[in-house]
Amino acid sequence: MEPIGREVFGPPPACWDWLAARWRNGRGGQPRVRLCSGWTAAEEARRSSALGGWLGRQRRLLRMGTGRLGAPMERHGRAADASASSAGEPAPGGPEGRRREPLRRRASSASAPAVEAAAEGVRRVRPGSYSGPASVSRQRVESLRKKRPLFPWFGLDIGGTLVKLVYFEPKDITAEEEEEEVESLKSIRKYLTSNVAYGSTGIRDVHLELKDLTLCGRKGNLHFIRFPTHDMPAFIQMGRDKNFSSLHTVFCATGGGAYKFEQDFLTIGDLQLCKLDELDCLIKGILYIDSVGFNGRSQCYYFENPADAEKCQKLPFDLKNPYPLLLVNIGSGVSILAVYSKDNYKRVTGTSLGGGTFFGLCCLLTGCTTFEEALEMASRGDSTKVDKLVRDIYGGDYERFGLPGWAVASSFGNMMSKEKREAVTKEDLARATLITITNNIGSIARMCALNENSAYIVL
Amino acid sequence: MAECGASGSGSSGDSLDKSITLPPDEIFRNLENAKRFAIDIGGSLTKLAYYSTVQHKVARVRSFDHSGKDTGQEHEPPYEVSVQEEVTARLHFVKFENTYIEACLDFIKAHLVNTETKVIQATGGGAYKFQDLIEEKLQLKVHREDVLSCLIKGCNFVLRNIPQEAFVCQGDADAEFRFHSHPHGFPYLLVSIGSGVSIVKVEAEDRFEWIGGSSIGGGTFWGLGALLTRTKKFDELLQLASQGQHANVDMLVRDVYGGAHQTLGLSGDLIASSFGKSATADKEFSKEDVAKSLLHMISNDVGQLACLHARLHGLDRVYFGGFFIRGHPVTMRTITHSINFFSKGEVQALFLRHEGYLGAIGAFLKGAEQDNPNQYSWGENYAGSSGLRSASPGLGPTQRARSGTFDLLEMDRLERPLVDLPLLLDPASYVPDTVDLTDDALARKYWLTCFEEALDGVVKRAVASQPEALDAAERAEKFRQKYRDKLQVLRLQPFAYGSLTVRSLLDTREHCLNEFNFPDPYCKVKQRENGVALRGFQSVVRALDALGWEERQLALAKGLLAGNVFDWGAKAVADVLESDPHFGFEEAKRKLQERPWLVDSYDEWLQRLKGPPHKCALIFADNSGIDLILGVFPFVRELLFRGTEVILACNSGPALNDVTHSESLLVAERIAAMDPLVRTALREEKLLLVQTGSSSPCLDLSRLDKGLAALVRERGADLVVIEGMGRAVHTNYHAALRCESLKLAVLKNAWLAARLGGQLFSVIFKYEVPAQ
């Protein structure tokens with residue numbers, strides 16, 4: 001599988017601007033929308049937990065790779081895809097589900113659930129490295145340097161759709177170290193850094209790579225690799241074949257799959273996972289990635305004039321004091337967190353209409369097979385053939401409520417008619433699916449922001 | 001009415017589209033006198049509203065002209081009964097599929113004779129599309145009305161006038177819907193799920209604010225569903241959905257976490273990502289599963305947005321409407337579930353029985369503003385309304401489609417505005433009915449069967465009441481058919497007209513009788529019995545006056561109870577009365593249970609009587625004849641004697657052999673002629689005869705005549721006496737009042753008696769004093 005082509009998404013940014021436009025045009029409060037990088041912070045978090053979780057300091061939402069590639073849409077592609085990690089919000093599973101209690105238990109770290117506590121425990125057991133509070137003194141860093149964990153440094157986020165792997169490649173390896181380095185470690189490094197694709201489905205997002213980072217006193221590059229969750233068994237098998245367990249490395253993992261595959265890691269790969277809470281990781285990751293920036297640029301940006309293709313531009317965003325902010329993590333599903341400070345957050349809600357829904361519906365509607373393909377189709381389609389717009393019903397703007405004629409009145413509403421069903425292309429359908437999902441996330445996020453009094457929404 | 005029906009069926013066959021299968025005399029009734037029209041054309045359904053007048057036969061009573069005659073003649077009836085025509089106002093609403101719109105417009109044009117109407121109010125998305133067609137066919141100018149304001153007007157109207165309009169969906173099999181008797185109050189949130197979703201905060205009758213919306217609505221379900229399943233009809237899509245398993249398509253929490261969700265305290269059944277599996281698995285998905293997943297996705301999404309808005313505005317009630325709901329249990333269940341989930345039970349999802357009509361009602365009201373329809377009270381006519389249908393799994397899509405072709409709602413304009421009884425302890429929580437038959441399958445089965453078995457007798461009585469009418473037998477048969485059909489509907493869908501109760505069964509029967517011009521089948525019986533009882537009045541009073549004080553109080557109580565045995569509504573009694581014409585007051589007293597009664601607080605009552613007199617007693621009387629004249633009047637007399645003022649409230653319209661207000665006036669006049677105490681009290685307005693505003697054998701204390709309520713307030717009533725099984729047992733048995741109350745009844749139904757732990761002719765004597 002090829003990494004996504006850079007310029008797939010041409011200038012008129014299709015979905016983020018929709019989102020942004022929605023917020024801007026929304027009535028009531030006007031939370032500002034900030035977008036954060038493709039590789040969601042979850043990876044960063046993973047990384048930070050693997051390499052010393054104290055890294056995050058600031059919390060602007062950023063988007064990795066910003067600016068670099070010009071077209072915002074492409075970022076979007078990354079975002080939706082790569083972050084297909086978290087479980088999103090459990091929508092009620094139907095009356096059968098019977099469950100009334102939402103997933104509140106992960107609220108703030110103050111009311112840390114068992115998992116987190118367990119993770120905390122693990123951190124403490126491991127010498128030094130990944131425990132520690134967020135602000136750490138110099139001396140502490142020094143001490144960490146001596147006790148830092150053994151290479152390789154990995155972080156794993158096993159989502160419902162994709163597995164995201166971060167790998168820290170040390171660039172400051174001394175000759176002495178090189179000498180000591182075991183063969184398998186060397187081969188892992190070589191394999192990962194010299195390829196951009198692994199097997200038929202693994203991809204390294206080269207454009208996201210963070211260069212010349214200093215982590216735990218080591219300089220190096222941070223690599224981002226992803227592959228579909230259904231290839232997880234093959235990954236574990238590889239770990240076994242390459243004898244990872246002999247490296248005594250700690251596999252820090254988060255995401256639902258950290259639980260789902262824990263037993264497999266243990267029995268097949270002889271690897272003990274260090275399970276970390278997904279939302280903790282998410283926040284840590286975001287804060288971290290914001291603090292390091294993207295190869296010198298800001299990670300967080302927003303769109304100015306999102307509704308206007310001509311004037312629309314992506315601007316870096318920098319905030320001194322963003323709290324309370326709303327964090328919207330769009331994976332297979334969507335989680336929405338209200339973040340009050342760097343270590344105080346709660347899960348507000350979420351929706352099951354996320355990246356998985358977009359891709360799933362696109363598969364059913366267009367027969368596409370990859371997320372990239374779905375996005376690519378969406379970039380070429382015209383959703384107004386599929387959606388019923390306000391002007392389709394009212395002949396123009398619905399002034400009474402200030403609804404512009406171009407606003408979507410009913411997603412897929414035109415598809416009620418046989419003739420119109422026959423007149424649409426797959427690209428139109430993909431586009432409409434994208435717009436539907438993004439509009440909805442925007443709408444829910446805006447409501448949450450109003451309810452939580454957050455001025456900023458970070459995606 | 002019969003003429004209307006007949007002419008309707010005669011001439012309509014040719015002009016109506018052949019595909020309309022319902023008997024034409026059932027739809028578009030009373031078009032001849034239709035005065036004002038409104039139409040709401042949605043994406044698939046058209047709702048037509050019109051206002052019309054209905055001519056009914058009513059039985060009128062008036063006293064004979066006594067001048068120059070000897071009034072005391074032995075076998076002369078006490079008053080005259082005559083049948084007259086009466087014109088009442090009625091609102092008709094008809095709902096049909098857009099396919100029939102042309103045929104229907106033709107039909108309307110052909111039958112519209114007396115109207116002076118020049119315009120028709122139109123709303124809904126289709127108002128644009130069909131404007132020319134309507135103007136051309138009906139020769140009426142189309143006035144387009146704003147969709148949302150119509151919707152809200154309609155919503156307020158049904159909530160105000162139909163007590164059992166709103167319900168919650170509980171999702172359990174036996175009592176799927178729970179109706180709210182008094183859900184109304186501002187502000188509330190109205191979520192209309194049409195093609196898209198509109199979320200409106202309603203703050204007052206005419207004040208509302210559009211606070212949000214979503215494009216993911218019914219159009220999304222339909223459009224996306226059509227693409228995904230190749231199923232074109234909305235109802236078929238829902239049918240598919242009700243058979244599907246969404247877990248095959250949705251990625252659930254358990255799919256993400258494996259088995260670990262349990263140790264994490266997560267429910268594995270929650271949806272992590274809608275359609276998440278259709279992205280990762282390389283396989284075919286069944287239409288049913290896809291439709292179900294889509295339904296969940298949309299319901300959850302709407303529910304979530306509704307909750308977010310409700311929370312933002314601090315509202316705890318959300319009414320749902322729009323075609324997406326359309327009475328489909330599976331939709332209502334998923335939305336309810338979503339609301340419960342997202343609000344953690346803090347927000348209540350409510351649905352409306354007539355949600356499909358809201359737009360049409362609202363548009364109609366807008367056009368009728370000069371008639372000020374909101375100043376009246378309106379009542380749902382059970383005979384002319386289809387009731388809520390259920391898409392129960394037993395009904396296939398074809399069946400549904402056919403039965404759903406035409407749907408009707410009729411509302412009668414009531415003579416007088418109805419209000420709460422000011423003495424209700426808590427009007428918001430007052431529920432008139434004692435047993436909710438929708439909850440209680442056993443009781444439901446019994447009563448439905450009981451009413452069905454009693455039908456022969458009712459038909460016989462109806463025919464006998466109109467010996468001069470040649471078509472009485474034919475109409476009575478039609479009545480039998482209609483009521484039997486209603487019972488059948490209620491067997492299958494107990495919630496069709498709100499909570500099923502003995503009261504609603506009785507009221508439905510009265511409405512059906514009226515529909516076929518049997519306004520008062522018992523008028524002759526009542527006339528005769530009043531005559532008989534009047535002749536016995538003086539001897540009963542004399543006997544009572546001869547007793548010592550304490551014995552007299554007991555005799556008065558027993559008299560009230562014995563009188564109450566004479567109830568033609570109770571099958572057991574009707575049988576006795578039919579077979580033994582000489583069954584009288586003394587026989588009835590002997591039938592009564594000996595003390596201690598089944599419920600017996602007589603001693604407390606007696607104790608109370610030894611205290612200071614009540615200021616004013618409000619008495620709800622039950623039956624004509626012995627009950628009123630030999631039971632209630634002596635009791636009234638005693639109260640008057642004690643210095644208590646009495647308000648005697650009788651039904652405005654006839655129901656069974658219950659005494660009507662006009663009859664009570666004549667009876668009181670005759671008693672006044674015999675009894676100076678009553679005569680003086682009437683003259684000095686210490687005894688007041690008023691009407692309840694009701695025509696039901698039962699009693700809803702939240703819908704009483706405004707005049708009665710005013711009088712109760714003015715006179716400071718401090719005692720309420722409710723008499724009879726219908727008023728004091730089937731309804732109001734648990735009613736809490738702010739003043740003392742006496743609930744009296746003789747159980748004339750063995751099954752009910754057994755259920756309450758007694759037997760036939762057991763006595764309820766319930767004296768209650770409110771907690772201080």
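The following exchange concerns a predicted model and takes up one loop residue, one strand and some salt bridges.

Biologist: Which backbone nitrogen lies 3.1 Å from a polar atom of the side chain of Thr229(A)?

Modeller: Thr229(A) sits in the loop between strand 7 (218-228) and helix 8 (232-241) of chain A, and with a relative accessible area of 8% this residue is buried. Leaving aside neighbours within four places in sequence, its contacts include Gly160(A), Thr161(A), Leu162(A) and Phe261(A). The backbone nitrogen at 3.1 Å from the polar side-chain atom is that of Leu162(A).

Biologist: In strand 8 of chain A, which residue is the bridge partner of Gly155(A)?

Modeller: Strand 8 of chain A pairs in the parallel sense with strand 2 (residues 153-158) of chain A over three bridges. In strand 8 (residues 251-254), Phe251(A) and Ala253(A) point one way, whereas Cys252(A) and Thr254(A) point the other way, and all are buried. The bridge partner of Gly155(A) is Cys252(A).

Biologist: How many residues apart in sequence are the parts that the pair Asp705(B) and Arg416(B) ties together?

Modeller: The two side chains form a salt bridge whose closest N and O atoms are 2.7 Å apart. Asp705(B) lies in strand 22 (residues 704-705) of chain B and Arg416(B) in the loop between strand 16 (406-413) and strand 17 (418-419) of chain B, so the parts tied together are separated in sequence by 289 residues.

Biologist: Is Arg480(B), which meets Asp456(B) in a salt bridge, buried or exposed?

Modeller: The N to O distance of this salt bridge is 2.4 Å, and Asp456(B), at 47% relative accessibility, counts as partly exposed. Arg480(B), by contrast, has a relative accessible area of 15%, and is therefore buried.

Conventions. Residues are numbered from 1 along each chain as its sequence is written. Chains are lettered from A and ligands numbered from 1 in the order in which they are written. This is a predicted model: local features need pLDDT of at least 70, side-chain atom pairs count only at pLDDT 80 or more; totals for chains, interfaces and linings use all residues. Side-chain values use heavy atoms; hydrogens and water are left out. Helices (H or I, at least four residues) and strands (E, at least two) are DSSP runs, numbered from the N terminus. Buried means under 20% relative accessible area, exposed over 50%, partly exposed in between (1.4 Å probe, protein chains only). A polar contact is a pair of N or O atoms within 3.5 Å; within protein, one must be able to donate a hydrogen and the other to accept it, and residues adjacent in sequence count only if both atoms are side-chain atoms. Contact means heavy atoms within 4.5 Å. Two strands pair if DSSP finds at least two bridges between them. A salt bridge is a side-chain nitrogen of Lys or Arg within 4 Å of a carboxyl oxygen of Asp or Glu.
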